[in-house]
Amino acid sequence: MDRTSRGIRSAQAGLLTNAGLAIIKVLTGVAGNSYALIADGVESTTDVFSSIILWRGLSVAARSPDEDYPFGYGKAETLSAAVIALLLLGAAVAIAIQAVREILTPHHAPAPFTLGVLVLVVAAKETLFRRVFAVGVEVDSLAVRADAWHHRSDAITSVAAFIGISAALLGGPGWAPADDFAALFASGVILFNGFRLLRPAVQDLMDRAPDGAVLNEVVEAAMGVEGVLGLEKVLARPVGGRHRLVLHVQADPALSLRDAHELGGRVRSRIVGTLPSVVDVVIHMEPFEVASDHR
């Protein structure tokens, strides 16, 4: 629950910050004639929705298993990460389309006061990114890290808007579209981050095996239990930042059914107690044969 509460608090902080910044950027962009700043405000609006989705996803993922979902609700967290990534992709496409329209439409250069707003926005969003990302790493949550990258993308689009507006102001009337080209560049950055975040979310939803380091720790923990002679299979799948395992444990064929059951219980307890990321282990006991292919 501490893991869930920390993730939810980061989502709530992001929601409040993004809501305020979105309003400020859109109003400033309209008043200051800057589409790059308006596009930046739209991206902040998607951040608001991503924080709401993260909040809900973490809350659902924390539910205990029941008859309808005997393996728990952990996938809700991964699903929320995928939805957040899709929101980024949608925002990128919308911003790019409107940026091209603005480039093709003659207009005045942005107002100078928009630059001051952007400096404050970059500082706020980069700080928020670092704090939320640190939480995502500490609690090992793909969804929280995805939400953090929403904040970093917002900071990047703000930097692009700053550069575009500066070029438009310094270059004169002929450089007015620089603001819109900055918005177009920002959409490319958002698109890249969206795909980068969507890939691991889809992999987790498809139960891709964790990296070798996790499996090696499982093998080391299991083989450290007295009576375990080998492991035929070590299978793992991700569930909301955690893992569920299936182990085929080899032991002395002369063991009674009761003794084999107790040995499997010790293996399970050892793994769960040693690896915090493991939430459950299913043990299948097998007789150890000298000629068997074990690892």
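# Notes on helix packing and the three-strand sheet

1. H7 and H8 are oblique to each other. The numbers behind that: the two helices pack at an angle of about 135°, and their axes are 9 Å apart. Roughly antiparallel would take an angle over 145 degrees and roughly perpendicular would take 65 to 115, so this pair lands in the oblique class. Bear in mind throughout that we're looking at a predicted model.

2. Staying with that pair, H7 goes past H8 in a right-handed crossing. Which residues of H7 and H8 meet? From H7 it's Val218, Ala221 and Ala222, and from H8 it's Val267, Arg270, Ile271 and Thr274. Sorted by class, the contact has five nonpolar residues, one polar and one charged.

3. Now for the other helix pair, H1 (residues 2-32) and H4 (residues 113-138). Their packing angle is about 165°, with 11 Å between the axes. That angle makes H1 roughly antiparallel to H4. The crossing of H1 past H4 is left-handed. On the H1 side the contact is made by Arg6, Gly7, Ser10, Gly14, Thr17, Asn18, Leu21, Ile24, Lys25, Thr28, Ala31 and Gly32. On the H4 side the list is Phe113, Thr114, Val117, Val121, Ala124, Lys125, Leu128, Val132, Val135 and Glu138. By class, this contact has ten nonpolar, eight polar and four charged residues.

4. One H4 residue you may want to click on is threonine 114. Is threonine 114 buried or exposed? Its relative accessible area is 0%, so threonine 114 counts as buried. Leaving aside residues up to four places away in sequence, threonine 114 touches Thr28, Gly32, Ser34, Leu37 and Ile165. Two of the H1 residues listed in point 3, Thr28 and Gly32, turn up in that set as well.

5. On to the sheet. It is open, has three strands in the order E1-E2-E3, and its pairing is mixed. E1 and E3 (278-287) are the edge strands, each with a single partner, so one side of each has no neighbour in the sheet. Averaged over neighbouring strands, and ignoring direction, the turn of one against the other is 15°. As background, strands of a sheet pair through backbone hydrogen bonds, in either a parallel or an antiparallel way.

6. Where does the mixed pairing come from? E1 (residues 230-239) and E2 (residues 242-251) run antiparallel and are joined by nine bridges. E2 and E3 are also joined by nine bridges, but these two run parallel. For landmarks in E1 and E2, leucine 235 has valine 246 as its bridge partner. Across the E2 and E3 pairing, alanine 251 is bridged to proline 287, and arginine 244 stands opposite aspartate 280.

7. The link from E1 to E2 is a hairpin with two residues between the strands. Glycine 240 sits in that turn and has a positive phi of about 55°. As for E2 itself, eight of its ten residues are buried, so the strand is largely enclosed by the rest of the structure. Helix H8 (residues 257-274) lies across E2 and E3, and runs at about 150° to E3.

8. A backbone torsion to check: which residue has a positive phi although it is not a glycine? That is aspartate 207, with a phi of about 60°. Aspartate 207 lies in the loop between H6 (178-205) and H7 (212-223). With a relative accessibility of 32%, aspartate 207 counts as partly exposed.

9. Last, a long-range pair. Leucine 79 belongs to helix H3 (residues 75-104). Like aspartate 207, leucine 79 counts as partly exposed, and its relative accessible area is 47%. How far apart are the C-alpha atoms of leucine 79 and glutamine 203? The separation is 11 Å, although the two residues are 124 residues apart along the chain.

Methods
Residues numbered from 1 in each chain as written. Predicted model: local features only at pLDDT ≥ 70, side-chain atom pairs only at ≥ 80, totals over all residues. Heavy atoms only, no water. Axes fitted to C-alpha atoms, helices over the stretch in contact; angles between N-to-C directions. Helix = DSSP H or I, 4+ residues; strand = E, 2+ residues; numbered from the N terminus. Parallel < 35°, antiparallel > 145°, perpendicular 65-115°, else oblique. Left-handed = near helix turned anticlockwise from the far one by under 90°. Contact = heavy atoms within 4.5 Å. Nonpolar A, V, L, I, M, F, W, Y, C, P; charged D, E, K, R; others polar. Pairing = 2+ DSSP bridges. Buried < 20%, exposed > 50% of the residue type's maximum accessible area, 1.4 Å probe, protein only.
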